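Dear colleague,

I am passing on the structure we spoke about, and my notes on it follow below. Please read them with the structure open beside you.

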Amino acid sequence: DTGVGMEREVLERIFDPFFTTRPTGEGSGMGLSVVHGIVRSHGGFVTVRSEPGKGSEFNVHLPVVAAEGEEGAAKDSAAPRGTERILFVDDEQVLVDMTREMLEGFGYRVTAVSDSRKALDLFLSAPDAYDVVITDITMPGMTGDALVGAVLRERPNLPVIICTGFSERVSEAEAKKIGARALLLKPFSMPGIARLVRAVLDGGPGGRKR
């Protein structure tokens with residue numbers, strides 16, 4: 001990282017969910033938290049070195065896989081897969097990119113965008129092009145509940161998953177009142193989102209998942 005570097009007080013909190021040094025409205029503080037969670041779910045860890053005025057260095061350590069197609073294949077097969085079409089919406093670009101890669105890794109065809117109004121335009125231009133919509137609830141421009149309402153007016157039976165890092169703001173009951181089939185809490189794991197997407201697409205119970 002070629003930025004200005006970090007003081008120790010900031011460095012000690014960078015992986016905390018929702019911690020950010022950016023001005024209000026310019027970042028959710030979830031990016032590094034999600035990265036940290038994904039790396040840990042694979043048995044790895046992240047180290048950071050940083051000095052004010054000298055930038056920062058991040059190192060991601062992952063365990064070595066003994067043989068292709070053995071341990072890795074077993075972990076992959078434990079999470080359900082699919083080929084359906086997903087529209088994923090979140091205003092945090094790093095989360096958009098990582099979630100798209102995660103879902104594509106499970107076989108899904110994914111359209112992932114960081115602008116909720118653009119997401120609605122894409123949906124309205126081809127309402128039948130998606131099998132499920134996953135959207136954050138707190139976004140600038142158009143909130144997730146407004147997006148869900150617009151989507152369901154066009155396709156009332158389309159499965160929708162509400163994604164949020166603020167569980168105190170959105171409960172399962174509130175998510176379902178909005179019209180969502182399930183609630184997905186950030187930071188979420190790869191197997192967690194794979195299982196929830198599959199359950200919602202198959203018409204099974206949703207609920208609160210990580």
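**Salt bridges**

With a relative accessibility of 57%, R49 counts as exposed. Its side chain meets that of E57 in a salt bridge, at 2.8 Å from N to O, and E57 counts as partly exposed because its relative accessibility is 34%. Please bear in mind that this is a predicted model, and that the search of the whole structure finds eight salt bridges, of which I describe only some here.

Another of these salt bridges joins the side chains of D131 and R85, at 3.1 Å from N to O. This pair links distant parts of the chain, since D131 sits in the loop between α5 and β5 whereas R85 belongs to strand β3, 46 residues apart. D131 is partly exposed, with a relative accessible area of 21%, and R85 also counts as partly exposed, at 26% relative accessibility.

R198 forms a salt bridge with D202, and the closest N and O atoms of the two are 2.9 Å apart. Here a buried residue meets an exposed one: R198 counts as buried because its relative accessibility, 13%, falls under the 20% limit, while D202 is exposed because its relative accessible area, 54%, is over 50%. The salt bridges around this pair form a network that links E84, R198 and D202.

**Nonpolar cores**

The largest nonpolar core has 28 residues, and among these I86, L103, Y108, I134, I161 and V197 touch the most other members. Two or more residues are given to this core by each of α2 (31-41), β3 (85-89), α4 (93-105), β4 (109-113), β5 (132-136), β6, β7 and α8 (190-201). The largest share, six residues, comes from α8. In general, nonpolar side chains tend to be buried together in soluble globular proteins.

If residues up to four places away in sequence are not counted, I86 touches L103, Y108, R109, V110, T111, Y130, V132, I134 and V197. Apart from the largest core lies another core, of 24 residues, which includes A119, V133, I137 and A175.

**Strands β6 and β7**

Strand β6 (residues 160-164) pairs with β7 in the parallel sense, over four bridges, and within this pairing the bridge partner of C163 is L184 in β7. Along β7 (residues 182-185), A182 and L184 point one way, L183 and L185 point the other way, and all of them are buried. This fits the general rule that side chains in a regular strand alternate between the two faces of the sheet.

**Helix α6 and an aromatic pair**

In helix α6 (residues 144-154), the buried residues are G144, L147, V148, G149, A150, V151 and L152. Which elements cover the buried residues of α6? The cover includes β3, α5 (116-125), β5, β6 and α7 (172-178).

Finally, the count of aromatic pairs comes to one. This pair is formed by F123 and Y130, and counts as stacked because the angle between the planes, 25 degrees, is under the 30 degrees that serve as the limit, with the ring centres 6.1 Å apart. Both F123 and Y130 are buried, and Y130 appears as well among the residues that I86 touches.

With best regards

Notes:
Residues numbered from 1 in each chain as written. Predicted model: local features only at pLDDT ≥ 70, side-chain atom pairs only at ≥ 80, totals over all residues. Heavy atoms only, no water. Buried < 20%, exposed > 50% of the residue type's maximum accessible area, 1.4 Å probe, protein only. Pairing = 2+ DSSP bridges. Core = buried A, V, L, I, M, F, W, Y, C linked by side-chain atoms within 4.5 Å. Contact = heavy atoms within 4.5 Å. Salt bridge = Lys/Arg side-chain N within 4 Å of Asp/Glu carboxyl O. Phe/Tyr/Trp six-rings, centres within 6.5 Å; stacked < 30°, edge-to-face > 60°.
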